[in-house]
Amino acid sequence: SKSSEEIKQQNSELSEKVHSLVSKNSAMKLDMEDLHKKLEMAELMIQQFSNQAGSLDANQQLQMALEEKASLETQVAQLSESLHQLQAERDQYVEKLKEERSIWQQRVQQLSEQVHTMAEEKEKHMAQIRELEANVTEL
């Protein structure tokens, strides 16, 4: 039962980690969507600036917009990589939970079979005791 409690505790901790990873995953997805929107805005600004006549101020703004676009693309790539890592980690935790569940189901089945076997043996021994008591009484 101590092992069972320890496994329950481990399962609980792993479940909490999975829920935490799922929450992080959702937050990162929202961040990624926000960055995609910013990237689209930057691209629109670039198109607007590139359509205008080439004044120095517009060129500076265009350069800044291009730099912001590059920065946002880098952030999107980093968030995508983090998202993939979190998903892989979550999948590993889920797989580990499944494996542990299977192991404990097998263990419970084995213990159940042992209890059943011991109950049968007890019943046989009780029958032998009754038979021996009857023999002793007869003698």
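**Two domains and a shared nonpolar core**

Eight residues of domain 1 touch five residues of domain 2, contact here meaning heavy atoms within 4.5 Å. The model is a predicted one, in which local features need pLDDT of at least 70, side-chain atom pairs count only at pLDDT 80 or more, and totals for chains, interfaces and linings use all residues. Residues are numbered from 1 along each chain as its sequence is written, and side-chain values use heavy atoms, with hydrogens and water left out.

Domain 1 spans residues 1-53 and domain 2 spans 94-138, with bounds from an automatic or database domain assignment. Their centres, taken over C-alpha atoms, lie 50 Å apart. On the domain 1 side, Ile 7, Asn 11 and Leu 14 lose the most area to domain 2, together 62% of what that side buries. In total, about 550 Å² is buried between the two domains, and carbon and sulfur atoms give 74% of this; buried area is the accessible area (1.4 Å probe) that two parts lose on being put together, summed over both.

Turning to the core, the largest nonpolar one has 14 residues, and Leu 35, Leu 79 and Tyr 93 have the most contacts inside it. Helices α1 (2-51) and α2 (56-138) each supply at least two of the core residues; helices are DSSP runs (H or I, at least four residues), numbered from the N terminus. Such a core is a set of buried Ala, Val, Leu, Ile, Met, Phe, Trp, Tyr and Cys residues joined through side-chain atoms within 4.5 Å, where buried means under 20% relative accessible area (1.4 Å probe, protein chains only). Leaving aside neighbours within four places in sequence, Leu 79 contacts Met 28, Asp 31, Met 32 and Leu 35.

Technical notes. Buried means under 20% relative accessible area, exposed over 50%, partly exposed in between (1.4 Å probe, protein chains only).
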